[in-house]
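Here is an informal walk through a two-chain model, for someone who likes to know the cut-offs. Have the structure open while you read.

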Amino acid sequence: MSETAKGHLKVYMGYAAGVGKTYRMLEEAQALRRDGVDIVVGYFEPHGRKETIAMTEGLEFVPRRVIRYNNAAFEEMDTEAVLRRRPKVAVVDEFAHTNVPGSERAKRWQDVHALLDAGIDVIATMNVQHLESLNDQVWHVTGVRVRETVPDWVIDDADEIVFVDLTPQALRNRLERGVVYAPDKAQKAMDNFFTETNLSALREMAMRHTAHEVEEKLAAAPAAAVVDILATTGRAPEPKADVEPPRKERILICLTGNPFSAVLIRRGKRVADYLQADCVAIHVAAPGEDHDAIERHLSFARNLRIETHVVYAAEIAMAVADFAREQRITQIFMGRSAPRPWYSRRETVVQAVAAHSREMQVIIVASRRR
Amino acid sequence: MVDRTDRRPDPEELLRRVQAGERREKRGRLKVFLGYAPRVGKSFRMFDEGRRRKQRGQDVVIGALQGKLTPDLEAILASIEAIPPVREHYAGQMWDVINLAAIFGRHPSTCLIDGLAFDNPPGSRNPHRWQDVEELLANGIAVITAVNLQHIYEKQEAVERITGKRAANSVPQEFLLEADEMEVVDAPTEALIGRAHDANMPDPRQLAELREMALLLAADVVERQLQSYLDDHGIAVRWGAQERILVCLTARSSTRAMLESGHRNAARFHGALIAVYVEQSRLDGADRARLDANLELARQLGADVHRLTNDDFVEAIIDFAREQRVTQVFLGHSGRERRWWEPRSPVDRLIDAAEDFDVRLFPHIEGQ
């Protein structure tokens with residue numbers, strides 16, 4: 001079997017519904033069609049927006065697939081049909097969407113990967129709040145716990161991210177004019193999610209995240225430009241020495257059956273991504289613990305591409321310290337120990353880990369209640 | 001939604017806000033499209049916005065154009081009234097100067113000005129175009145304009161480090177920060193390179209660095225606007241989109257390692273680095289000297305350094321961290337040992353009380 005070159009993935013990243021991601025994606029689709037590129041619409045969500053719908057004129061649609069679930073009909077992208085049609089490029093709206101049970105794949109981003117694996121280029125859209133690493137921050141700011149998330153590595157692996165900007169004032173004007181939602185829904189949206197502060201905070205997150213993606217790609221690319229700068233200016237570019245870590249950091253996340261472990265995993269992984277550090281997770285197993293919860297957290301960590309380990313030991317802190325030393329860990333991430341009565345002098349797990357791992361940094365991650 | 005706590009600004013501050021509010025009401029609104037390099041499509045976005053505003057019934061005119069026109073752009077421009085700049089000749093050069101008198105006479109609600117960083121020839125009413133724009137705004141005319149990163153004065157040194165070139169004309173960053181709205185025009189770097197064979201176009205790597213810089217500048221602008229919005233509405237929030245690191249300085253803890261790590265972390269996250277010291281009277285001469293050296297190092301690393309006075313170290317740090325919307329507190333392992341009558345050490349108490357920020361404990365290394 002001959003190896004097909006993987007398709008190219010481009011994601012238009014927005015910070016809220018209505019900023020114009022889909023419009024920009026379709027604009028590009030039209031330009032490609034005019035240039036004679038074989039392009040189809042794999043999935044498009046019209047949301048009843050006239051200008052956006054007008055932008056699809058002349059584009060070929062692959063009909064959606066209807067899936068019955070709980071006596072209701074749901075429409076999903078017909079990934080298999082797109083694969084059979086085999087265009088050069090497919091446009092796919094709402095990258096973070098969760099498919100209805102009964103679909104081949106749980107997530108639309110997995111459908112997109114099937115297209116990419118078959119050598120089809122994909123142009124997709126997504127909002128920043130669907131990124132797994134921002135889930136807690138988004139909840140903290142907006143009060144909304146986003147359920148449909150995409151692991152960060154999926155976006156890191158994309159070939160291009162383009163930030164689609166619109167100022168919050170302009171977005172709220174659009175809502176007022178009824179461009180984004182029907183009038184009654186629009187008013188409700190403006191009072192709740194689409195407030196000036198929420199939109200500004202989400203927008204800032206999207207800008208910072210896109211900048212981070214650009215930087216990641218730069219770090220991965222060869223530094224050929226150094227030669228050019230020397231040639232044009234006659235002097236070497238200023239070294240970014242202060243940004244480079246003196247050694248590769250290795251982060252260890254201590255996870256348990258406690259629901260807080262999800263926050264801990266996201267936080268540890270986010271810091272690891274920004275520090276370009278390795279990231280591993282450990283669970284010290286004890287009798288009588290909640291196996292299901294722990295398995296869920298371990299599998300969540302693996303989905304984020306964190307290497308997981310389970311060790312059996314009676315003494316948690318010693319086990320963590322020994323494992324950390326063996327793995328040359330430099331930073332240990334853990335949750336706060338359960339509160340003790342004020343008079344208690346018994347050592348907490350955090351204190352014990354800190355005492356046993358004196359040569360490492362220990363990070364106690366905040367619960368960040370709202 | 002947001003954690004609202006009463007914040008009572010002092011009367012001076014209130015007066016300043018009222019005056020600023022009045023000024024803002026009379027002033028025209030300024031909207032800026034920011035691009036990271038030529039040809040990202042700023043001008044198109046700006047004129048497209050003008051077209052859409054005109055369709056919605058607003059009185060829009062074009063005050064200045066720049067560069068070659070693409071067919072897309074020409075179609076838009078044909079639908080909007082123009083007040084052409086005055087072409088002047090000076091020292092063998094051609095200059096297009098905004099026709100302020102004509103625009104004031106016509107007094108539209110919105111004026112589109114491309115090439116914000118252009119200079120006017122010597123002897124003009126204002127040396128720079130952005131000053132002409134300032135006059136339009138002061139006269140109650142809204143302006144939509146576009147600018148490239150390389151023309152922001154305060155960014156020119158950093159841009160030159162990347163591209164090896166420096167643009168001759170510029171706009172002060174402060175003028176842009178005062179804009180009511182700033183929108184980033186982002187595009188993949190590949191698209192720019194494919195679009196034109198231009199010797200002046202930076203290479204892909206340089207473009208990517210410029211792009212990152214423009215996005216981060218825009219994020220800082222949003223952060224600043226959000227902060228002033230929250231202040232104006234008396235809203236205190238416990239969150240931020242930016243990583244903010246607080247290093248607790250003492251005479252004894254491994255301050256150098258903490259500061260260097262804090263600096264590295266802040267740089268990686270493009271966040272803020274703050275260093276704080278809680279004043280204690282009991283320091284002997286040697287400790288005082290060590291502390292002063294640490295404070296100096298903090299300043300050298302670009303930290304925002306604060307001194308707090310509070311008998312309770314933990315309370316001081318927690319209040320300050322909340323006020324500064326800190327996301328991580330860096331602390332030495334044994335900043336101070338537990339006294340025999342205290343059930344918990346300050347470190348333990350801080351960990352117990354830390355709700356909104358992570359606590360990063362550093363190993364204690366003697367002599368650092």
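What should the 15 residues of helix 10 (residues 255–269) of chain B span at 1.5 Å a residue, and how far apart are its end C-alpha atoms? The expected span is 21 Å and the end C-alpha atoms are 21 Å apart, which agrees. The expected value is 1.5 Å times one less than the number of residues. Helices here are DSSP runs (H or I, at least four residues), strands are runs of E of at least two, and both are numbered from the N terminus.

Before going on, some ground rules. This is a predicted model, in which local features need pLDDT of at least 70, side-chain atom pairs count only at pLDDT 80 or more, and totals for chains, interfaces and linings use all residues. Residues are numbered from 1 along each chain as its sequence is written, while chains are lettered from A and ligands numbered from 1 in the order in which they are written.

**Helix 10 of chain B**

Back to that helix: it is mostly covered, with 11 of its 15 residues buried. Buried is 20 or more other C-beta atoms within 10 Å of a residue's own, exposed is 12 or fewer, and partly exposed is in between, with C-beta atoms placed from the backbone. Among the buried residues are B:Met258, B:Leu259, B:His263, B:Arg264 and B:Phe269. The cover includes helix 11 (261–275) of chain A, and from chain B strand 9 (244–249), strand 10 (272–278), helix 11 (285–300), strand 12 (328–332) and strand 13 (358–362). Just after helix 10 of chain B comes B:His270, with a positive phi near 50°.

**Two loop residues**

Positive phi turns up in both chains at residues that are not glycine. Here are two of them.

| Residue | Phi | Loop | Other C-beta atoms within 10 Å |
|---|---|---|---|
| A:Asn70 | positive, about 50° | between strand 4 (65–69) and strand 5 (72–76) of chain A | 8, exposed |
| B:Ala91 | positive, about 50° | between strand 4 (86–90) and strand 5 (93–97) of chain B | 7, exposed |

In chain B, the flanking strands 4 and 5 form a hairpin with two residues between them, and B:Ala91 is in the turn. Those strands pair in the antiparallel sense over five bridges; pairing needs at least two DSSP bridges. Within the hairpin, B:Glu88 stands opposite B:Trp95 of strand 5.

**Chain A on its own**

Chain A has 14 helices and 13 strands, and its C-alpha trace spans about 70 × 65 × 50 Å along the principal axes. Of its 370 residues, 41% are buried. Contacts are pairs with C-beta atoms, placed from the backbone, within 7 Å. Taking contacts in chain A with a separation of 6 or more, 71% join residues 24 or more positions apart.

How confident is the predictor, on the 0 to 100 pLDDT scale? The mean pLDDT of chain A is 89, and 91% of its residues reach 70 or more. Over residues 225–245 of chain A, however, the pLDDT is below 50, and this stretch has 18 contacts in the model beyond near neighbours in sequence. Where pLDDT is low, the predicted coordinates should not be read in detail.

**Domains**

An automatic or database assignment gives the domain bounds. Chain A is split into domain 1 (9–217) and domain 2 (242–365), with C-alpha centres 34 Å apart. Seven residues of domain 1 of chain A are in contact with eight residues of domain 2 of chain A. Helix 5 and helix 6 (152–156) of chain A each supply at least two residues on the domain 1 side.

Chain B has domain 1 (11–232) and domain 2 (244–362), and the C-alpha centres of these two lie 42 Å apart.

**Where the chains meet**

The contact between the chains takes 60 residues from chain A and 50 residues from chain B. Helix 9 of chain A gives the most to the chain A side, with 15 residues. By class, that side has 30 nonpolar, 13 polar and 17 charged residues. Nonpolar covers Ala, Val, Leu, Ile, Met, Phe, Trp, Tyr, Cys and Pro, charged covers Asp, Glu, Lys and Arg, and the others, Gly among them, are polar.

Strands join across the chains as well: strand 13 of chain A and strand 13 of chain B pair in the antiparallel sense over three bridges. There, A:Ile364 has B:Val359 as its bridge partner.

How values were computed
Contact = placed C-beta atoms within 7 Å.
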